[in-house]
Amino acid sequence: MDRKIRVAVLFGGQSSEHEVSRVSAKSVLENMDRSRYDIRMIGITKRGEWLPYDGDIKYIPTGEWEQIARAKQGSETCKVSGTATCMDLIASRGSDGRPEPVDVVFPVLHGPNGEDGSVQGLLQLAGVPYVGCDILSSALCMDKEFTKIVLEHAGIPTAKYVRVYRDEIDCLMENIKKEIYDRIGWPCFVKPANAGSSVGVSKVRKPDELEKALRLAAKYDNKILIEEFVDGRELECAVLGNINPKASVVGEIIPCNEFYDYNAKYIDGKSETIIPADIEPQVAEKIRDYAVRAFTAIGCSGLSRVDFFLRRGTDEVVLNELNTMPGFTEISMYSKLWEASGIPYPKLIDRLIELAFEKHQQSARSYERT
């Protein structure tokens with residue numbers, strides 16, 4: 001390809017992590033090689049509008065980008081008409097006004113409606129390569145219960161849990177408390193089954209705190225998980241690749257709050273990261289092995305950050321969750337872990353885009369054989 005690679009960067013989205021996505025996108029855009037990539041930016045508003053944006057990237061985290069994009073576009077958004085296809089949503093306009101299809105999409109979107117397979121399905125229909133996991137693996141990793149089911153089958157330990165649905169809160173509370181007592185005990189964590197960045201998560205120390213935590217989680221999803229409390233250190237490992245994925249060094253998070261919640265991750269900025277983590281070599285190797293095995297078992301591609309607990313006073317490793325589009329902010333672990341493993345941020349972006357093309361070509365060959 002003689003010209004630059006035309007990359008569409010999606011940011012924002014319709015999720016509780018809209019603001020984090022904007023911060024991640026700014027970091028990604030700052031580290032993309034402008035001599036190699038022709039970058040097109042598309043912001044997705046909280047109302048689901050797709051707005052082309054060609055202004056200064058400093059206005060993306062603040063949210064000012066939306067006003068700037070609207071002022072330039074007027075009432076024109078990325079609407080499609082006539083015989084349009086999904087590709088028209090991410091196509092840009094050339095000097096002659098005609099749509100110019102992009103070569104690859106980097107969906108810097110976190111949480112539901114972005115990281116859960118929905119946007120991946122649209123990009124699949126558009127027939128365009130995209131960075132990250134496919135529809136199925138994205139959906140599996142977003143649903144924490146299905147993640148556990150797959151990992152259990154693969155022989156990878158996860159925390160014990162009780163599943164609750166929203167409409168059971170009013171009528172089955174005593175049954176829920178008994179099941180917690182019998183299976184996992186107190187304290188425990190209550191979280192939405194489909195959400196990210198610890199949104200809607202509560203630590204529950206005693207039974208009379210349970211209902212409030214369940215109702216908070218129910219604001220974000222119909223299905224809720226109540227997990228055992230694992231008294232352990234919080235460790236993370238980054239995975240990169242398609243068919244033969246590789247694991248980074250292991251890092252440790254020292255949360256500034258009681259646990260690594262949304263504020264600790266993105267707002268307070270006081271949590272400490274230690275890379276590489278001060279753990280025994282055999283423990284680090286076990287975590288790296290579990291990370292790659294989990295990535296492969298779920299069918300991930302491109303990238304994932306895999307989060308673990310190391311039970312205090314033991315070598316027991318418990319896999320917490322996989323994030324298929326982890327944060328890419330300045331303080332996010334995914335890029336930091338790879339930098340410590342020998343791949344600086346700009347080269348990491350290059351590799352992710354290469355993997356997107358590779359995955360797309362593999363899928364195209366599979367389609368040709370059917």
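**Figure 1. Tyr220 is partly exposed in this predicted model.** The relative accessible area of Tyr220 is 37%. That value lies between the 20% limit for buried and the 50% limit for exposed, so Tyr220 gets the middle label. Tyr220 sits in a loop. Helix H9 (210-218) comes before this loop, and strand E10 (223-228) follows. Which residues does Tyr220 contact, leaving aside neighbours within four places in sequence? They are Ser16, Pro192, Asn194, Val199 and Gly200. Lys191 is 29 residues from Tyr220 along the chain. Even so, 9.1 Å separates the C-alpha atoms of Tyr220 and Lys191.

**Figure 2. The largest nonpolar core has 38 residues.** Four residues have the most contacts inside this core: Val7, Met32, Phe106 and Phe328. Which helix supplies the largest share of the core? Helix H13 (residues 345-369) does, with seven residues. In soluble globular proteins, nonpolar side chains tend to be buried together.

**Figure 3. Met32 touches residues from several parts of the sequence.** Zoom in on Met32, one of the core residues with the most contacts. Set aside residues up to four places away in sequence. Met32 then touches Val7, Val9, Tyr37 and Ile39. Ile349 and Ile353 also touch Met32.

**Figure 4. A second core stands separate from the largest one.** This core has 27 residues. Among them are Leu235, Ile279, Ile298 and Phe308.

**Figure 5. Cys133 is in no disulfide.** How many disulfides does the structure hold? The count is zero. For Cys133, the nearest cysteine sulfur belongs to Cys300. The sulfur of Cys300 is 3.8 Å away. A disulfide needs sulfur atoms within 2.5 Å, so this pair does not count as one. Is Cys133 buried or exposed? Cys133 counts as buried because its relative accessibility is 3%, under the 20% limit.

**Figure 6. Cys171 counts as exposed.** The relative accessibility of Cys171 is 56%. The limit for exposed is over 50%, so Cys171 passes it.

**Figure 7. The close-ups belong to a protein of 370 residues.** Of these residues, 52% count as buried. The secondary structure comes to 13 helices and 15 strands. Take the contacts with a separation of 6 or more: 67% of them join residues 24 or more positions apart. The accessible surface comes to about 17000 Å². Carbon and sulfur atoms account for 48% of that surface.

Definitions and conventions: Residues are numbered from 1 along each chain as its sequence is written. This is a predicted model: local features need pLDDT of at least 70, side-chain atom pairs count only at pLDDT 80 or more; totals for chains, interfaces and linings use all residues. Side-chain values use heavy atoms; hydrogens and water are left out. A nonpolar core is a set of buried Ala, Val, Leu, Ile, Met, Phe, Trp, Tyr and Cys residues joined through side-chain atoms within 4.5 Å. Buried means under 20% relative accessible area, exposed over 50%, partly exposed in between (1.4 Å probe, protein chains only). Helices (H or I, at least four residues) and strands (E, at least two) are DSSP runs, numbered from the N terminus. Contact means heavy atoms within 4.5 Å. Accessible areas come from the Shrake-Rupley method with a 1.4 Å probe; for residues, only the protein chains shown count as cover.
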